[in-house]
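Reader: Could you walk me through how to read helix packing, chain contacts and salt bridges in a model like this one?
Author: Gladly; let us have it in front of us.

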Amino acid sequence: MSDFDWGVIARSSGFLADGMALSALLVLVATVGGLILGFGLALMRLSSHRLLSVPASAYVTVMRTLPLVLVLFWFYFLVPLAIGRPVGSLASALLAFVLFEAAFYCEIVRAGISNVRNGQSDAGLATGLRRTQVLRLIILPQALRAMMPLVLNQIVIVFQDTSLVYVVSLHDFLTAASVVASRDGRATEMYTLVAVVYLVICLSTTKAAEFYRKGLPS
Amino acid sequence: MIVIEDLHKSYGNQQILCGCSATVNLGEVVVVCGPSGSGKSTLIKCINGLVPFERGAITVDGVSVSSPKTDLPALRSRIGMVFQSFELYPHMTALQNVSLAQIHVLKRSRAEADARSEKILARVGLGDKRDSRPSQLSGGQQQRVSIARALAMDPQAMLFDEPTSALDPEMINEVLEVMQELALEGMTMMVVTHEMGFAQRVADRVLFMDRGQIVEDTPTAQFFTAPASERAKQFLTKVLTH
C-alpha cells in the first residue's frame, strides 16, 4: 500500500475547503431561495385563478424537463445578453440553481399543502379566521412537517448536483478534488476522499429525514 | 336568527339545492334529516358561507351571508360549527385548539383565552385533557373538544354537521349529551343528524330534506307521529326500525 500518498489531502486541504465552501454556499442559496420561490409558485399552482396557476405549472413543467447543466449554461450565456453586461459565473450559477430548484420545491410544498385535509381549512374559516391566518396558523405548520423529509432529500440531491458548476468553470468540492487528482496524479486518493465525504454528508442527511419521519405522529 | 330564502346551489350540472327556504328562530333547536345526498350538509355549510350559492339569500341576525359588503370572518365568528370529522388541528393540544380563534379573531390575550378554554373544556367533561393532542383522544373526546372550540367564541348560534356520524356507537351519547345540555341552556342550534332519538328529545322542529328540497318543516311531535309527506313516512320507517 506504499503507493498511496494520503498526505496529498493535507497538502491540498485549503483548496479543497474552498471547494466545499462553494458547494455549501450553492446548497444554502439554492435551498433557501428555491424554497421561498417554490412556496410562491406552489400557492400560484394551487390557486383557483387560471391566470396564476397556468403560468406556474408551465414554469415547473419546463424546468423539470430540462437538465440542470443546460440551465447552468443558459444563465451563464443568457443573463449577460439580457442585462447587457457580464455577470460572474458564481452569480449566474446561483441564479440558475435557485430558479431550477424552485420548480422542485414548488412540487414539494404543493404536495405538503395538498396533504393537509380539506376540512382543516373549513374548520379554521368557520371560527372566523381569515384565509391568510388559516394558511399561516393551520395549514403551513402541518404542511411543513409533512414536507421536511422531502426537503432534506432534495438538499442531498442539490448537494450532489453542485458538482455540475464545473461547466461554468467554478470549483466546487468535487471539481477541486479532480483538479488536485490530475495535477498531482493522485486520482485514487482524491476520489476516495470525495466518495467518503459525499457518503457521510448524504447518509447523515438521509438518516435525519428518516428519523424525522419516524418521530411524526401519524 | 337564521333566515334561508329560495336557496339554489349546484356543483357543475348537478343541482344540490333547489329552492330551500327555512327559518331558525332565537333559542330554537332545528334538526335537519333526510337520506344521504339530499343536500343537508351543503345547506348547513351555506349558512356560514363555507359553500357559496348561486341564487337565493341567507341572513344571520339580519346580516346577509352572500353580500360582498359583509365581513364574512366576523359573521362566522358568531356562528359555531361542528364537523362530522371533528377537524381538530392535529399539531396543537386540546387547549390550543380551543384558544386559537379566541386569540387571533377575538384578540383575547393568551392567558385570557386559555382560562376561558379550560373552563369550557371542563364543561364538556375534558378538564383533564387540556394538554392532549387530538391523536391521543377518542373520537367522542375529539368531537367534544371541537364543540368546546366553537363555544369558546361565545357564538349566537351553533351549526352541527352530522356530529356523531363518524363515531363508534358507544361514544355517540357523550357527544349528544353535551349537545342536549346546550339546547337546554337555550342555544340556537341547527343540527344535521340521523339520530332520531336526539331529534325527538331535543328538537323544536324537524326539517326533512330530499333531493335538494325541504319536503317538510314540522314541529317535532307531529313529524314523528304524523309526517305529511310520503317520502318522510318512508324515511322514518327505515330509520326507526333499525
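We will take helix packing, then the interface, then salt bridges.

Author: This is a predicted model, in which local features need pLDDT of at least 70 and side-chain atom pairs count only at pLDDT 80 or more, while totals for chains, interfaces and linings use all residues. Residues are numbered from 1 along each chain, chains are lettered from A and ligands numbered from 1 in the order written, and side-chain values use heavy atoms, with hydrogens and water left out.

Reader: At roughly what angle do the axes of helix α4 and helix α5 of chain B cross?
Author: Two packed helices are described by the angle between their axes and the distance between the axes. Helices are DSSP runs (H or I, at least four residues), numbered from the N terminus. Axes are lines fitted to C-alpha atoms over the stretch in contact, with angles from 0 to 180 degrees between N-to-C directions. Here α4(B), residues 110–123, and α5(B), residues 139–151, cross at roughly 135°, their axes coming within 9 Å. The pair is therefore oblique (under 35 degrees is roughly parallel, over 145 roughly antiparallel, 65 to 115 roughly perpendicular, the rest oblique).

Reader: Which residues of α4(B) and α5(B) make the contact?
Author: Contact means heavy atoms within 4.5 Å. Arg116(B), Ile120(B), Leu121(B) and Arg123(B) of α4(B) meet Val145(B), Ala148(B) and Leu151(B) of α5(B).

Reader: And how do α3(B) and α4(B) lie, within what distance and at what angle?
Author: The axes of α3(B), residues 94–104, and α4(B) come within 8 Å and cross at roughly 130°, so these helices are oblique too. Their contact includes Leu95(B) and Val98(B) from α3(B), and Ala113(B) and Leu121(B) from α4(B).

Reader: How many residues of chain B are in contact with chain A?
Author: In chain B, 24 residues touch 19 residues of chain A. The buried area (accessible area, 1.4 Å probe, lost on putting two parts together, summed over both) is about 1,800 Å², with 58% from carbon and sulfur atoms. On the chain B side, Glu87(B), Tyr89(B) and His91(B) lose the most area, together 30% of what that side buries.

Reader: How many salt bridges does the rule find across the interface?
Author: A salt bridge is a side-chain nitrogen of Lys or Arg within 4 Å of a carboxyl oxygen of Asp or Glu. The rule finds two across this interface, and 22 over all chains. Glu87(B) pairs with Arg117(A), the closest N and O atoms lying 2.8 Å apart.

Key
Helix = DSSP H or I, 4+ residues; strand = E, 2+ residues; numbered from the N terminus.
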